[in-house]
Amino acid sequence: MSLPTPTLETERLRLRPFVDGDADDLFALQSDAHVLRYWDSSPWTDRSAVARFMEGNRAMEAGGTGARVVMERTPDGAFVGWCTFNSWNPGFRSATLGFCLVEPAWGRGYAAEGAGALLRWAFSTLDLNRVQAEADTRNAASARVLEKLGFVLEGTLREDCIVDGVVSDSWVYGLLRRDWDQRTS
């Protein structure tokens, strides 16, 4: 069962499927050690990672397990980052949300705007009950984005990631359909 990747518009952003022309912007983002300091994997050092990422996007769409979209500013088409809705499980009616933005876009509300649009699409398209997200416990900015979207902190995964020898904890957040419906009605 395929799940076509949407194209969505917000006040300031266009969310769209990845295209080959995004390769340079994607590599720049994913190879930025400062941006990825709280990520669950090391920054990219090999451009072949772009092809694997793009293939993963196609596999997610073809398998019906999610959608990953580019976030670009509407006025100038500038690459802001990406947002993903993945691990869609129709039996459990659950999925996972994630996002990654270029540093110049931080603190401008783009993460909440883009992720909010993707959540609206997911809740209106799928028989979705729960969305989960995780954030490194050192990443207060991502936690604020999730809370702004209505996610509730549900717990801490202790020492769940080891990246380049650094052990870190993650917060687990959940957003239920009933809470989303109350926020958007």
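Which residues are exposed on the other side of H4? The legends below take this up, starting with the model itself.

This is a predicted model, in which local features need pLDDT of at least 70, side-chain atom pairs count only at pLDDT 80 or more, and totals for chains, interfaces and linings use all residues. Residues are numbered from 1 along each chain as its sequence is written, and side-chain values use heavy atoms, with hydrogens and water left out.

**View 1. The two sides of helix H4 (residues 140-148).** Helices (H or I, at least four residues) and strands (E, at least two) are DSSP runs, numbered from the N terminus. Ser-142, Ala-143, Val-145 and Leu-146 are the buried residues of H4 (buried: under 20% relative accessible area; exposed: over 50%; partly exposed in between; 1.4 Å probe, protein chains only). They line one face of the helix, because they fall within an arc of 155 degrees seen down the axis of H4, taken from the directions from the helix axis to the C-beta atoms. Arg-144 and Lys-148 are the exposed residues on the other side.

**View 2. What covers H4, and what follows it.** The cover over its buried residues includes H3 and strands S5 (94-101), S6 (130-136) and S8 (166-176). After H4 comes Gly-150, with a positive phi near 100 degrees.

**View 3. Phe-151 and its partners.** Leaving aside neighbours within four places in sequence, Phe-151 is in contact (heavy atoms within 4.5 Å) with residues including Leu-97, Leu-119, Leu-146 and Tyr-173.
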